[in-house]
Amino acid sequence: MASTFSSDLKLELMATGENSGTWGTKTNSNLNLVQQSVAGFEEIAVASGDVTLVMSNASISNARNMTLKFTGTLAGNRIVNMPASIEKIFNVVDGTDHANNTLTFKVTGQTGFLLCEGNKYICHSNGTDIFKDHETATWRAITASETVQGGALILADTSGGAFTVTLPASPSAGDTVQIVDKGFNFNNANLTVGRNSKNIRNTSSDVVLSTAGTGINLVYTGDNTTGWLDF
């Protein structure tokens, strides 16, 4: 009977009496694959196009790594696809500059979730899609207009002039965005929070922050009329 391969990590499953003289080599190969799955780290460049990860039978593969860091300045909306029918836990680091674009991590043909620039995630594939289990947000300083994603922690510095932070276009219920006045200058150069077609505080208007040292903490309710509310 020939070898078969495990469904998730694609380890070689050797049949009794098979591979005489090569069990040591094949076992060591399997151990290296297990090591990659629990300790492997790889940077994946996603700037120029979508990426489909690979999980190959009995060989080192980028989809098998425990930790993936996505890198580059996005030239458009980008997707990282995971092969279907594989169950696995991941640590994911969004090390990209979104440049007002989006980055999605998902199983091919499914929905997955949007990543937020600079944030870190624990997530899993159940064989059908990728699901976000935990997000660690990172405060990030900006000095010019930008569209952000859910989970953004923004240190907005308007010392060089007023600008707009635009909220996510397609938020999910529970998404948060927090913004503070890094330059203590909102009174001289206002910070506008652009609603991006969703209501803020039950009103179809942007919010202008015009008091020095202030900020705003918003959570999306999932209700199109209520929209974003303070928390």
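How many bridges join β6 to strand β8? Five, and the two strands run parallel. Keep in mind that this is a predicted model.

Let's stay with β6 for a moment. It covers residues 78-82, and four of its five residues are buried, so the rest of the structure largely encloses this strand. Strand β8 covers residues 103-107. One bridge to look for starts at Arg-78, whose partner in β8 is Leu-103.

β6 also pairs with strand β4, residues 51-52. That pairing is parallel too, over two bridges. Find Thr-52 on your screen; its bridge partner in β6 is Asn-81.

Next, the nonpolar core. The largest one has 46 residues. Among those with the most contacts inside it are Leu-53, Phe-70, Met-82 and Phe-105. Ile-179, Leu-191 and Val-193 belong on that list as well.

Which residues does Phe-105 touch, leaving out those up to four places away in sequence? The list includes Leu-53, Leu-68, Phe-70, Val-80 and Met-82. Phe-90, Val-92, Gly-112, Phe-113, Leu-115, Cys-123 and Ile-130 complete it.

Now move along the chain to strand β15, residues 163-166. Strand β13, residues 146-147, runs parallel to β15, with two bridges between them. Thr-147 has Thr-166 as its bridge partner in β15. β15 pairs with strand β17, residues 191-194, as well. Again the sense is parallel, this time over four bridges. Here Val-165 is matched with Val-193 in β17. Val-193 is also one of the residues with the most contacts inside the largest core.

On to empty space. Rolling a probe the size of a water molecule over the atoms shows where such space is left.

How many cavities of 30 Å³ or more turn up in the whole structure? One. The largest cavity holds about 50 Å³ of space. Its lining includes His-98, Cys-116, Arg-140, Glu-146 and Thr-147. By class, that lining has three nonpolar, four polar and three charged residues.

The largest pocket has a volume of about 260 Å³. It is lined by 18 residues, and the closest to its centre are Leu-114, Lys-132, Glu-135, Gly-150 and Asp-175. Which strands each supply at least two residues of that lining? They are β9 (113-115), β11 (130-136) and β16 (176-181). The pocket lining divides into six nonpolar, nine polar and three charged residues.

Methods
Residues are numbered from 1 along each chain as its sequence is written. This is a predicted model: local features need pLDDT of at least 70, side-chain atom pairs count only at pLDDT 80 or more; totals for chains, interfaces and linings use all residues. Side-chain values use heavy atoms; hydrogens and water are left out. On a 1 Å grid over the protein atoms alone, a cavity is a set of points where a 1.4 Å probe fits but cannot get out, and a pocket is an open set with protein on both sides within 12 Å along at least five of seven lines; lining residues have an atom within 4 Å of a point. Grid points are joined across faces, edges and corners, and a volume is the space filled by probe spheres set on the points. Ala, Val, Leu, Ile, Met, Phe, Trp, Tyr, Cys and Pro count as nonpolar, Asp, Glu, Lys and Arg as charged, and the others, Gly among them, as polar. A nonpolar core is a set of buried Ala, Val, Leu, Ile, Met, Phe, Trp, Tyr and Cys residues joined through side-chain atoms within 4.5 Å. Buried means under 20% relative accessible area, exposed over 50%, partly exposed in between (1.4 Å probe, protein chains only). Contact means heavy atoms within 4.5 Å. Two strands pair if DSSP finds at least two bridges between them.
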